[in-house]
Amino acid sequence: MKHRRVAVPALLLLSVSALAAAQSATVTPQVAKSGVRASFDHLKGLAGRWKGKANTDGPTPDSYPVQVSLRVTSGGDALMQEMTPEGRADDPARGDDDPLTMFYLDGDRLMLTHYCDIGKNRPRMTAKVSPDGKSVEFDFLDLTGETTRGHMHRALFTFIDADHHTEDWTYVMPNGKGSRAHLEMARAK
């Protein structure tokens, strides 16, 4: 009888400890997922048409008007971005195809795949969520396709308000030198 009195509390304590550990293991990924999910939902809030100006700092710095279209697709599981310099003819036969970027969740990661018109490749990037929710930064993960022309390496989206955001894109050449484009975007009315 004495063994049973000692064994029951010990068994109960062990069970409670195991349950607490199991709950802690399941809560932690949920917290991470909610931050990633919130960032993805914030990006999806950009759906619509945008106009702005792109400023580049490459070998030949330039500034030009740009249009961006963002569309939620795949039953809400993906966001598609298409970027077009204003005034450019839309003729893929001349190489005038536009870069396309897909944003999506992959388990507990927020991902970006950029279908690059310049590099003719597809870099993937993973997101780092800002604690304040005002930006999402994507860093290079891997690359498929052409590798001799360089690749898009980083992207930063900063949310200003419902009608304004900025995008910063970093392109890395095969020699390791980078160039950046900064886009100031306003929602098209």
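The exercises below, each with a worked solution, concern a predicted model of a protein.

**Exercise 1. The overall fold**

Determine how many helices and strands the protein has, and state how the strands are arranged.

*Solution.* Begin with the count: the secondary structure comes to one helix and 10 strands. Next, follow the chain from its N terminus, where the elements run α-β-β-β-β-β-β-β-β-β-β. Then trace the pairing of the strands, which form a closed barrel of 10 strands in the order β1-β2-β3-β4-β5-β6-β7-β8-β9-β10, with antiparallel pairing. From one strand to the next, the twist averages 25 degrees. Strands of a sheet pair through backbone hydrogen bonds, either parallel or antiparallel. Finally, consider the protein as a whole: buried residues make up 30% of its 189 residues. Among contacts between residues at least 6 apart in sequence, 38% join residues at least 24 apart.

**Exercise 2. The pairing of β1 with β10**

Identify the sense in which strand β1 and strand β10 pair, and find the residue that stands opposite W50.

*Solution.* Locate the two strands first: β1 covers residues 48-56 and β10 covers residues 178-187. Their pairing is antiparallel and extends over seven bridges. Within this pairing, W50 stands opposite R187 in β10. Now turn to G48, which also lies in strand β1. Outside its neighbours within four places in sequence, G48 is in contact with V68, S69, L70 and R187. R187 thus appears both opposite W50 and among the contacts of G48. A further partner in space is R71: its C-alpha is 6.3 Å from that of G48, although the two residues are 23 apart in sequence. To classify G48, take its relative accessible area of 24%. Buried requires a value under 20% and exposed a value over 50%, so G48 is partly exposed.

**Exercise 3. Strand β8 and its two partners**

Describe how β8 is joined to β7 and to β9, giving the number of bridges in each case.

*Solution.* Take the β7 side first. Strand β7 (residues 135-145) and β8 run antiparallel and are joined by five bridges. In register, D139 stands opposite R154 in β8. The two strands form a hairpin with five residues between them, and G150 in the turn has a positive phi of about 95 degrees.

Proceed to the β9 side. Strand β9 (residues 164-172) is joined to β8 by nine bridges, and these strands also run antiparallel. The hairpin from β8 to β9 passes through two residues. D161 stands opposite H164 in β9.

**Exercise 4. Two histidines**

Decide whether H151 and H114 are buried or exposed, and list their contacts.

*Solution.* Place H151 first: it lies in strand β8 (residues 151-161). Its relative accessible area is 14%. The limit for a buried residue is under 20%, so H151 is buried. The side chain of H151 makes a polar contact of 3.0 Å with the side chain of H153. Beyond four places in sequence, H151 is in contact with N121, F140, L143, T170, Y171 and V172.

Repeat the steps for H114, which lies in strand β5 (residues 109-115). With a relative accessible area of 3%, H114 is buried. Its contacts beyond four places in sequence are P99, L100, T101, N121, R122, P123, M152 and W169. Comparing the lists shows that N121 is in contact with H151 and with H114.

**Exercise 5. The nonpolar core and its aromatic residues**

Find which residues touch the most other members of the largest nonpolar core, and examine the aromatic pair of F103 and F157.

*Solution.* The largest nonpolar core has 27 residues, of which L43, F103, F138, F157, W169 and L183 touch the most other members. Strand β8 gives the most to this core, with four residues. In soluble globular proteins, nonpolar side chains tend to be buried together.

Next, search for ring pairs: the whole structure has four aromatic pairs. One of them, F103 with F157, has its centres 5.4 Å apart and its planes at 85 degrees. Planes over 60 degrees apart count as edge-to-face, so this pair is edge-to-face. The pair links distant parts of the chain, as F103 is in strand β4 (residues 100-106) and F157 is in strand β8, 54 residues apart. F103 is buried at 0% relative accessibility, and F157 is buried at 0% as well. To conclude, F103, F138, F157 and W169 form one aromatic cluster.

Key:
Residues numbered from 1 in each chain as written. Predicted model: local features only at pLDDT ≥ 70, side-chain atom pairs only at ≥ 80, totals over all residues. Heavy atoms only, no water. Buried < 20%, exposed > 50% of the residue type's maximum accessible area, 1.4 Å probe, protein only. Polar contact = N/O pair within 3.5 Å; in protein donor to acceptor, adjacent residues only side chain to side chain. Contact = heavy atoms within 4.5 Å. Core = buried A, V, L, I, M, F, W, Y, C linked by side-chain atoms within 4.5 Å. Pairing = 2+ DSSP bridges. Axes fitted to C-alpha atoms, helices over the stretch in contact; angles between N-to-C directions. Phe/Tyr/Trp six-rings, centres within 6.5 Å; stacked < 30°, edge-to-face > 60°.
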